[in-house]
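Trainee: I should like to learn how the features of a structural model are read. May we take them one at a time?

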Amino acid sequence: MRIKAFAERNIKELLRDPLSYLFCLGFPVVMLVLMTIINKSIPPQAGMTVFRIDNLCAGITVFGLTFLMLFAALLTSKDRTSSFLMRLYASPMTAVDFIAGYYIPLIILAVIQCVITFGVSFVIAVIEGVSLNVGNILLAIVTLIPSIIMFIGFGLFFGGMFSQNAAPGLCSAIISAASILGGIWMDVDAIGGAIETICKVLPFYHSVNAARCAVDGNVGDGVTSILIVSAYMVVVTVLAIVVFRKNMSSDNK
Amino acid sequence: MEAIAIKALTKKYKDFTAVDALDLTIGKGELFGLLGVNGAGKTTTIKMLSCLSKPTSGKAEVMGFDIVEKSDEVKKVISISTQETAVAPNLTVRENLEFIAKVYGIENPKAAADKIIAEFSLQEKENSRTKTLSGGWQRKVSIAMALITSPQVLFLDEPTLGLDVLARRELWKVIEQLKSKMTIILTTHYLEEAEALCDRIAIMTHGKLRAVGTADELMKLAGKDNFEDAFVEIAERSGN
Ligand SMILES: Nc1ncnc2c1ncn2[C@@H]1O[C@H](COP(=O)(O)OP(=O)(O)O)[C@@H](O)[C@H]1O
Ligand SMILES: [Mg+2]
């Protein structure tokens, strides 16, 4: 009951901010269309296929998830400064109620967002005559579940740790890191050297890689990536919960 | 049993003592005022009593429940209207009220919201997003949210802070109607507010309780014939 009430409130709070529509749903779609257009202008002889829809869709979906992280951070940091949370801390709400109440709506939004991004990708694939398998797409969404929880965890952690002004900045840093080092716009495996190592130590490349393998019909190749992301997911989730529990006492402000 | 029993309640932030060995009992149904200038320790006291902050030492019971050991029980019977307005900005007035009712497990949240909307004359704005309302309206909603749970003990931390004269008077009327239905602890730094509303008043300075009594008793104690002079006398006598 309390979890449901809080989750409902959070989903309303998120969806009534028109910016979240724009970024979480619109932005990945715009990127897909834009990149497809760019892809069309690349001569086939260049042999550059990163922007082809079957390669692009996984990366853009992960890119979309990073925006959800930003909104998770904005929601929690705003809640903390508005003393709305203080009222709830003095209510029968428990730490579990709070955490579940934040996670559940964000996870639902994330899944909807993945479905929309992949759905649009599928339409583009049909138009472009590229083959995309629906079963593989569904599998790709499943491989993204640890990433979804991880990105939301990052958002709740930053929102719980930092102010309404600092949290979005830190999220932007993660968004940049994820898009540059995540192999969304480039083929990380072809880079080599220190940059490739950094990419592969951080979870973002693995989020994209797991989904990309699934889209290609080789979900097995992405298992290591799924495990790496899952490890990050566990660490980030624990950190988010610890920070939240700490915030519940106003002594720790 | 008293509604609130406080013994040597102390809160220290590092070396700074925000609340210093507070002793106080508040009876059931009393409208009790904590009066003091900014920084006196009123909010800190309220935070400890509402389980938002742990005392450094001392004890307190709310409706017979220890605020540290039995905080889950305390949280069920209290409600707080914090010093700053505490509303969910993107929810409508009605949604805010029903949300709080659900959090406290109230059977019929809709009916509870209907009732409180009528009591606070919020009908005109019930479907407006709370963030679009004026400061005065938001504060009214914030206090209505504290009341929808039918608490046994209500904490009102500076309920009229930042309100214009008319809004303040209107809120006074609302608070007066609550008198004796529940125990209310109201903090304020407005002397006339404490004098007008409260059954008994405690004067706090520098974290210490300086005097407790009705407004008349405090004036007698200070040997003054108006409340403001009495407050100044008591505050200065204690080395403020
Ligand atoms: N978290 C905190 N850390 C350090 N000092 C604090 C903290 N909270 C309050 N104080 C200090 O404690 C004193 C009492 O504050 P407060 O209880 O808010 O006073 P009031 O509500 O009467 O204005 C103030 O000097 C304030 O600066
Ligand atoms: Mg205060």
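Mentor: What follows is a discussion of confidence, metal binding, aromatic rings, cysteines and a few individual residues.

Trainee: How should I begin, and what confidence does the predictor give to the complex and to each chain?

Mentor: Begin with the status of the coordinates: this is a predicted model. Where pLDDT is low, the predicted coordinates should not be read in detail. For the complex, the predictor reports an ipTM of 0.91 and a pTM of 0.88. Chain A has a mean pLDDT of 90, with 99% of its residues at 70 or more. The mean for chain B is 94, and here too 99% of the residues reach 70 or more.

Trainee: Which elements of each chain have the lowest and the highest mean pLDDT?

Mentor: In chain A, the lowest mean among the elements belongs to helix α2 (residues 18-41), at 84, and the highest to helix α6 (residues 134-143), at 96. In chain B, helix α6 (residues 165-178) has the lowest mean, 90, and strand β5 (residues 65-66) the highest, 98.

Trainee: Let us turn to the metal. Which protein atoms are donors to the magnesium ion?

Mentor: A metal site is read from its donor atoms and then from their places in the chain. The magnesium ion (ligand 2) has as its protein donors OG1 of B:Thr43 and OE1 of B:Gln83, which lie 1.9 to 2.2 Å from the ion. B:Thr43 belongs to helix α1 (residues 42-49) of chain B, while B:Gln83 is in the loop between β6 (78-81) and α3 (93-103) of chain B, so the two donors tie together parts 40 residues apart in sequence.

Trainee: Are these two donor residues buried, exposed or partly exposed, and what are the values?

Mentor: B:Thr43 is partly exposed, with a relative accessible area of 23%. B:Gln83 is likewise partly exposed, at 23% relative accessibility.

Trainee: How is a pair of aromatic rings described, and how many such pairs are found over all chains?

Mentor: A pair of aromatic rings is described by the distance of the centres and the angle of the planes. The search of the whole structure gives 16 aromatic pairs over all chains. In one of them, A:Phe151 and A:Phe204, the ring centres are 6.0 Å apart and the planes meet at 20°, so the pair is stacked. This pair links distant parts of the chain, with A:Phe151 in helix α7 (residues 145-161) of chain A and A:Phe204 in helix α10 (residues 203-215) of chain A, 53 residues apart. Both A:Phe151 and A:Phe204 are buried.

Trainee: Which residues do ring pairs link into a cluster?

Mentor: The cluster consists of A:Phe6, A:Phe84, A:Tyr89, A:Phe98, A:Tyr102, A:Phe244 and B:Phe99.

Trainee: Rings may also be considered together with charges. Which lysines lie over the ring of B:Trp137?

Mentor: The charged end of B:Lys140 sits over that ring, 4.6 Å from its centre. B:Lys125 also lies over the face of B:Trp137, at 5.6 Å from the ring centre.

Trainee: How many disulfides are there over all chains, and why does A:Cys57 not form one?

Mentor: One compares the distance between cysteine sulfur atoms with a cut-off, here 2.5 Å. The count is 0 disulfides over all chains. For A:Cys57, the closest cysteine sulfur is that of A:Cys114, 11 Å away, which is too far for a bond. A:Cys57 is buried, at 0% relative accessibility, and B:Cys198 is also buried, at 9%.

Trainee: How does one describe the surroundings of a single residue? Where is A:Asn55, and which residues does A:Asn55 touch?

Mentor: One combines its element, its accessibility and its contacts. A:Asn55 is placed in helix α3 (residues 53-81) of chain A and counts as buried, at 15% relative accessibility. Leaving out residues up to four places away in sequence, A:Asn55 touches A:Thr49, A:Val50 and A:Arg212.

Trainee: May we apply the same reading to B:Ala112?

Mentor: B:Ala112 is in helix α4 (residues 109-119) of chain B and is buried, at 16% relative accessibility. Apart from neighbours within four places in sequence, B:Ala112 is in contact with B:Ile106 and B:Ile148. Its C-alpha atom is separated by 8.3 Å from that of B:Leu97, 15 residues apart along the chain.

Trainee: Finally, backbone angles. Where does B:Lys14, with its positive phi, lie?

Mentor: B:Lys14, a residue other than glycine, has a phi near 50°. B:Lys14 is in the loop between β1 (4-13) and β2 (16-26) of chain B and is exposed, at 81% relative accessibility. B:Ser180, which is not a glycine either, has a positive phi of about 70°. B:Ser180 lies in the loop between α6 and β8 (183-188) of chain B and counts as exposed, at 60%.

Methods: Residues numbered from 1 in each chain as written. Chains lettered and ligands numbered in written order. Predicted model: local features only at pLDDT ≥ 70, side-chain atom pairs only at ≥ 80, totals over all residues. Heavy atoms only, no water. Donors = N, O, S within 2.8 Å, 3.2 Å for Na, K, Ca; no water. Helix = DSSP H or I, 4+ residues; strand = E, 2+ residues; numbered from the N terminus. Buried < 20%, exposed > 50% of the residue type's maximum accessible area, 1.4 Å probe, protein only. Contact = heavy atoms within 4.5 Å. Phe/Tyr/Trp six-rings, centres within 6.5 Å; stacked < 30°, edge-to-face > 60°. Lys NZ or Arg CZ within 6 Å of the ring centre and 35° of its normal. pLDDT = per-residue confidence, 0-100.
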